[in-house]
Amino acid sequence: MPAAAKSYSADRFDVTARILPDRALTVEERIVFRFEDGDYTYVFREIPQDRSDGIHDIEAEMDGVPFRPGTGTGSIELKHGRSVRVTWRFAPTSGTHTFLLRYRLAGVI
């Protein structure tokens with residue numbers, strides 16, 4: 001019998017953006033992911049940075065716990081290119097978890 005495929009979904013995605021006097025936006029994204037049929041150790045979000053002067057001051061949390069830049073458990077890995085890929089790395093988990101991402105998007109207004 002074949003193994004059940006793991007799956008996850010974003011049950012909720014809320015965004016709050018605020019315009020700053022220097023033509024930047026501060027953005028806060030709150031994403032509720034549901035992980036099913038197995039344990040997960042990471043999730044990622046890609047933030048496009050075209051039509052801007054870049055993304056700065058990235059902060060991330062999982063279930064209210066801050067994650068710092070790095071590559072191990074309890075950290076966020078940042079890869080910069082045409083977009084910024086933010087990867088949360090965490091201990092094996094399933095169920096529903098809330099991820100928070102804050103950043104400053106420069107030169108967009």
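How many bridges join β5 to β6, and in which sense do the two strands run? Six bridges join them, and the strands run antiparallel. The notes below start from the overall build of this predicted model and then take up individual strands and residues.

1. Overall content. The protein chain has six strands and zero helices. Read from the N terminus, the order of elements is β-β-β-β-β-β. Along the principal axes, the C-alpha atoms fill a box of roughly 60 × 25 × 25 Å.

2. Burial and contacts. The chain has 109 residues, of which 36% count as buried. Among contacts with a separation of 6 or more, 66% are between residues 24 or more positions apart.

3. Surface and charge. The exposed area of the protein chain is about 6,700 Å², and carbon and sulfur atoms supply 50% of that area. There are 15 positive and 16 negative charges, and the mean positions of the two sets lie 4 Å apart.

4. Pairing of β3. Strand β3 covers residues 55–62 and pairs with strand β6, residues 83–105, in the antiparallel sense over six bridges. Strand β3 is also joined to strand β4, residues 65–69, by three bridges, again with an antiparallel run. The hairpin of β3 and β4 has two residues between the strands, and in this hairpin Asp63 takes a positive phi near 50 degrees.

5. Pairing of β5. Strand β5, residues 75–80, pairs with β4 in the parallel sense over two bridges. One position of contact between these strands is Pro69, whose bridge partner in β5 is Ile76. On the β6 side, Ser75 has Arg89 as its bridge partner. The link from β5 to β6 is a hairpin through two residues.

6. Glu61. This residue lies in strand β3 and has a bridge partner in each of two strands: Leu100 in β6 and Pro66 in β4. Is Glu61 buried or exposed? Glu61 counts as buried because its relative accessible area is 19%, under the 20% cut-off. Leaving out residues up to four places away in sequence, Glu61 touches Pro66, Phe67, Trp88, Thr98, Phe99, Leu100 and Arg102. Both bridge partners, Leu100 and Pro66, are thus in the contact list. Thr93 is 32 residues from Glu61 in sequence, and the C-alpha atoms of the two are 15 Å apart in space.

7. Gln49. The loop between β2 and β3 holds Gln49. With a relative accessible area of 17%, Gln49 is buried. Its side chain takes part in two polar contacts listed here: the backbone nitrogen of Ile55 is reached at 3.4 Å, and the backbone oxygen of Gly81 lies 2.7 Å from a polar atom of the Gln49 side chain. Beyond neighbours within four places in sequence, Gln49 is in contact with Gly54, Ile55, Gly81, Arg82, Ser83 and Val84. Ile55 and Gly81 therefore appear both as contacts and as polar partners of the side chain, where a polar contact is a pair of N or O atoms within 3.5 Å.

8. Ser52. The loop that runs between β2, residues 25–48, and β3 also contains Ser52. What is the relative accessible area of Ser52? The value is 17%, so Ser52 is buried. A polar atom of the Ser52 side chain lies 2.7 Å from the backbone oxygen of Gln49. Apart from residues up to four places away in sequence, Ser52 touches Leu105, Ala106, Gly107 and Val108.

9. Ala91. Strand β6 contains Ala91, which is partly exposed because its relative accessible area is 44%, a value between the 20% and 50% cut-offs. Not counting residues up to four places away in sequence, Ala91 touches Tyr40 and Thr73. Tyr42 is 49 residues from Ala91 along the chain, and the C-alpha atoms of the two are separated by 8.3 Å.

Key: Residues are numbered from 1 along each chain as its sequence is written. This is a predicted model: local features need pLDDT of at least 70, side-chain atom pairs count only at pLDDT 80 or more; totals for chains, interfaces and linings use all residues. Side-chain values use heavy atoms; hydrogens and water are left out. Helices (H or I, at least four residues) and strands (E, at least two) are DSSP runs, numbered from the N terminus. Buried means under 20% relative accessible area, exposed over 50%, partly exposed in between (1.4 Å probe, protein chains only). Contact means heavy atoms within 4.5 Å. Accessible areas come from the Shrake-Rupley method with a 1.4 Å probe; for residues, only the protein chains shown count as cover. Lys and Arg count as positive and Asp and Glu as negative; His and the chain ends are not counted. The place of a charge is taken as NZ of Lys, CZ of Arg, CG of Asp or CD of Glu. Two strands pair if DSSP finds at least two bridges between them. A polar contact is a pair of N or O atoms within 3.5 Å; within protein, one must be able to donate a hydrogen and the other to accept it, and residues adjacent in sequence count only if both atoms are side-chain atoms.
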